[in-house]
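Reader: I would like a close look at a single part of this protein, its sheet, together with whatever packs against that part and whatever surrounds the ligand.

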Amino acid sequence: MYCAKNTICCGFAWNFRVARCCGLDLLIRPLLACVYLISPRVISAVRQLSRSVSMFSYKISAEIKLRLLEERHAEQVFDLIVEDRERHPELDKNLSLDDVKKKIKRDLALFADNKGLNVGVWEQGILAGTVRYHEIDWSNKSTELGYSVGGAFEGRGLITKTCRVLIDYAFEGLGLNRIAISCAVENQKSRAVAERLGFTQEGILRQSEWLQDHFTDIAVYGLLASEWRAKNISSSSAFL
Ligand SMILES: CC(C)(COP(=O)(O)OP(=O)(O)OC[C@H]1O[C@@H](n2cnc3c(N)ncnc32)[C@H](O)[C@@H]1OP(=O)(O)O)[C@@H](O)C(=O)NCCC(=O)NCCS
């Protein structure tokens with residue numbers, strides 16, 4: 001987005017210099033003023049258009065659909081968390097609907113800047129869970145997966161299936177090279193997701209996170225694009 005803005009502005013500056021050389025700047029100046037006045041509108045329209053064009057949605061099956069999380073989904077996300085809050089020791093105990101809205105808004109801004117993706121997993125029209133890229137590190141072509149599923153939807157493979165789509169998209173659609181998953185060592189279900197997907201445990205960060213009342217060790221898993229391609233007949237064509 002910033003590139004688009006800069007390109008437009010640089011283009012104007014260049015045109016203006018050329019016109020000046022040719023003695024046309026008196027004619028051009030009012031015209032430029034108009035363009036500068038409308039350019040924020042143009043830029044915002046281009047932004048909106050590019051957002052709507054690149055909205056992420058994906059159908060895993062007739063029952064399971066992925067969609068970019070938007071502010072209008074905040075209530076469903078909040079309900080999913082509060083229904084079984086004890087499964088989320090990492091979250092603030094006083095988390096409110098407003099906090100969830102703000103978080104979704106921040107994630108949408110990251111998505112618009114091509115730095116993140118936070119999708120909802122809908123099963124038969126009901127929000128069952130969420131899977132996200134924590135911020136994409138473009139200089140190192142890497143990201144980290146985070147996920148959560150409602151207690152009632154656990155044990156059906158929804159998160160593993162969704163992660164497969166997001167891993168494929170990260171490697172084949174976005175051209176990333178590495179994906180990490182970090183989870184508390186005692187979180188066996190989360191570790192099982194990473195291992196089922198072929199991630200390698202790379203280490204344990206000792207007492208790395210404060211969880212409510214104690215420090216917890218964090219297991220770090222990693223998966224490389226080359227490993228993913230070697231193990232999977234990629235469905236990459238969907239993202240090209
Ligand atoms: C971590 C968490 C997302 C794992 O949920 P999950 O339901 O076990 O994960 P999946 O949706 O991938 O389902 C896997 C289970 O479905 C089963 N399954 C059924 N069909 C499947 C399929 N087609 N593919 C894969 N697994 C399938 C698997 O055998 C597994 O069950 P098991 O654990 O009894 O062996 C969930 O426990 C959770 O939300 N916890 C709270 C938040 C959290 O800790 N997030 C992680 C932070 S790092």
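To set the scene, what share of the contacts in the protein chain with a separation of 6 or more is accounted for by residues 24 or more positions apart? From there, please take me along the sheet from one edge to the other.

Author: This is a predicted model, and in its protein chain residues 24 or more positions apart account for 58% of the contacts with a separation of 6 or more. The protein chain has 7 helices and 8 strands, and 21% of its 240 residues count as buried.

The sheet itself is open and is formed by 8 strands, which follow one another in the order E1-E2-E3-E4-E5-E6-E8-E7 with mixed pairing. Its edge strands are E1 and E7, the latter spanning 200-211, and each of them pairs on one side only. On average, and with direction ignored, neighbouring strands of this sheet are turned by 25° against each other.

Let us begin at the E1 edge. Strand E1, residues 57-59, pairs with strand E2, residues 64-68, in the antiparallel sense over 3 bridges, and the two strands form a hairpin with 4 residues between them. Within this pairing, Tyr58 has Leu66 of E2 as its bridge partner. On the other side of E2 in the strand order, 5 bridges join E2 to strand E3, residues 117-123, and these two strands also run antiparallel; here Arg67 finds its bridge partner in Gly120 of E3.

Further along the order, the sense of pairing is parallel where E5 meets strand E6, residues 178-184, and 4 bridges join these two. One of the bridge partners in E6 is Ala180, which is matched with Glu144.

At the opposite edge, E7 and E8 run antiparallel and are joined by 8 bridges, with Leu205 having Ile218 of E8 as its bridge partner. These strands form a hairpin with 2 residues between them, and in the turn Gln212 has a positive phi of about 60°. Because the number of buried residues among the 12 of E7 is 0, this edge strand lies largely in the open.

What lies across the sheet is helix H5, which crosses E1, E2, E3, E4 (126-137), E5, E6 and E8 (214-224), and which runs at about 35° to E4. The largest nonpolar core has 38 residues, of which Val131, Leu145, Cys163, Leu166, Ile167 and Ala170 touch the most other members. H5 gives the most to this core, contributing 9 residues. For Ala170, if neighbours within four places in sequence are left aside, the residues in contact are Tyr133, Thr143, Leu176 and Ile179.

The ligand brings the sheet and its helices together once more, since strand E5 (142-149), helix H5 (158-173) and helix H6 (188-196) each supply at least two residues of the shell around it. There are 19 residues around the ligand, and those that come nearest are Gly157, Ile159, Thr160, Cys183 and Lys189. By class, the shell around the ligand is made up of 7 nonpolar, 7 polar and 5 charged residues. Helix H5 thus appears in two settings, as the element that gives the most to the largest nonpolar core and as one of the suppliers of the shell around the ligand.

Notes:
Residues numbered from 1 in each chain as written. Predicted model: local features only at pLDDT ≥ 70, side-chain atom pairs only at ≥ 80, totals over all residues. Near = placed C-beta within 6 Å. Nonpolar A, V, L, I, M, F, W, Y, C, P; charged D, E, K, R; others polar. Pairing = 2+ DSSP bridges. Core = buried A, V, L, I, M, F, W, Y, C linked by C-beta atoms within 7 Å. Buried ≥ 20, exposed ≤ 12 C-beta atoms within 10 Å, placed from the backbone. Contact = placed C-beta atoms within 7 Å. Axes fitted to C-alpha atoms, helices over the stretch in contact; angles between N-to-C directions.
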